[in-house]
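Trainee: Could we go through this one together, asking what stands behind each label?
Mentor: Sure, let's have a look.

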Amino acid sequence: QAAILWCLILRRYFSIYYATVPVALIGLASWVYNIPRSQVVLTDNFINYYDPRIISLTIAVMMTVLFVPVGIYFLRAASWQSGMKGTVTSFMLGMMYVGIGLSVASEEIVAKQLVTPASAIVNLIIGALLLTALLAPWQLGVKLPAPVQTPAPPPRPM
């Protein structure tokens with residue numbers, strides 16, 4: 001996700017390594033810290049995986065920083081698109097990215113876990129938005145114009 005953020009927004013400002021390496025290191029450190037301290041509980045046929053508070057906050061910040069700007073980029077890009085297909089796809093992708101970033105971040109802060117039975121419904125809705133973004137433009141009947149072909153130059157005399 002850091003590479004996507006860099007490619008769409010940050011590449012004018014610095015190297016990809018400045019975007020991906022810190023995210024990878026923070027993710028690795030969080031994972032190593034989280035392994036012995038997390039809790040797994042089975043309740044009502046649902047696996048609850050609880051993170052320590054510092055990891056929940058780290059995940060919330062990372063999800064917000066990595067997903068929401070990309071979503072805003074796609075939402076803004078919707079107005080730049082020339083056709084309905086591009087506009088719908090960009091808008092739906094923007095909504096999906098913002099939705100995932102904010103829903104996962106808030107779920108981590110409130111419940112100290114990524115997925116709860118209630119958030120699973122939100123995730124399904126976001127997944128449906130993604131599927132719609134990928135499939136709906138093809139159903140709109142939008143056709144791209146054929147590429148313009150330039151005439152071949154006349155043959156040279158020998």
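**Labels and the values behind them**

Mentor: Start with the hairpin: β1 and β2 (residues 46-50) pair in the antiparallel sense, over five bridges. Keep in mind that this is a predicted model.

Trainee: What makes β1 and β2 a pair of strands?
Mentor: Pairing takes at least two bridges between the strands. β1 and β2 have five bridges, so they count as paired. Look at who faces whom: L42 stands opposite I47 in β2, and V41 stands opposite N48.

Trainee: Which residue in this hairpin takes a positive phi?
Mentor: That's D44, with a phi near 50 degrees, in a hairpin with two residues between the strands.

Trainee: How does the hairpin fit into the whole chain?
Mentor: From the N terminus on, the order is α-α-β-β-α-α-α. That comes to five helices and two strands.

Trainee: Let's go to α2. Why is S30 called buried?
Mentor: S30 sits in helix α2, and its relative accessibility is 14%. Buried means under 20%, so S30 counts as buried.

Trainee: What does S30 touch, leaving out residues up to four places away in sequence?
Mentor: I55 and T58. Contact here means heavy atoms within 4.5 Å.

Trainee: And Y33, why is that residue called partly exposed?
Mentor: Y33 is also placed in helix α2, with a relative accessible area of 34%. Partly exposed lies between the buried cut-off, under 20%, and the exposed one, over 50%, so Y33 is partly exposed.

Trainee: Which residues does Y33 touch, again without those up to four places away?
Mentor: P52, I54 and I55. As for I54, its C-alpha is 9.6 Å from that of Y33, and the two are 21 residues apart along the chain.

Trainee: Why does R37 count as partly exposed?
Mentor: R37 lies in the loop between α2 and β1, at 44% relative accessibility. The exposed class needs over 50% and the buried class under 20%, so R37 counts as partly exposed.

Trainee: How do you know that R37 makes a polar contact with Y33?
Mentor: The R37 side chain reaches the backbone oxygen of Y33 at 2.9 Å. The limit for a polar contact is 3.5 Å, so this pair is within it. R37 and Y50 are 13 residues apart in sequence, with 9.0 Å between their C-alpha atoms.

Trainee: Which other residue of that loop should I look at, and why is it called partly exposed?
Mentor: I35, in the loop between α2 (17-34) and β1 (39-43). Its relative accessibility is 47%, and exposed means over 50%, so I35 counts as partly exposed.

Trainee: What makes I35 eligible for a surface patch?
Mentor: Patch residues need over 30% relative accessible area, and I35 has 47%. The nonpolar patch is made by L28, W31, V32 and I35, at about 420 Å².

Trainee: What about the chain as a whole?
Mentor: Buried residues make up 28% of the 158 residues. The chain exposes about 10,900 Å², with carbon and sulfur atoms supplying 71% of that area. Among contacts with a separation of 6 or more, 58% come from residues 24 or more positions apart.

Technical notes:
Residues numbered from 1 in each chain as written. Predicted model: local features only at pLDDT ≥ 70, side-chain atom pairs only at ≥ 80, totals over all residues. Heavy atoms only, no water. Patch = residues over 30% accessible without salt bridge, like charges linked within 9 Å, V, L, I, M, F, W, Y side chains within 5 Å. Areas by Shrake-Rupley, 256 points an atom, 1.4 Å probe, with all protein chains shown as cover. Salt bridge = Lys/Arg side-chain N within 4 Å of Asp/Glu carboxyl O. Helix = DSSP H or I, 4+ residues; strand = E, 2+ residues; numbered from the N terminus. Buried < 20%, exposed > 50% of the residue type's maximum accessible area, 1.4 Å probe, protein only. Polar contact = N/O pair within 3.5 Å; in protein donor to acceptor, adjacent residues only side chain to side chain.
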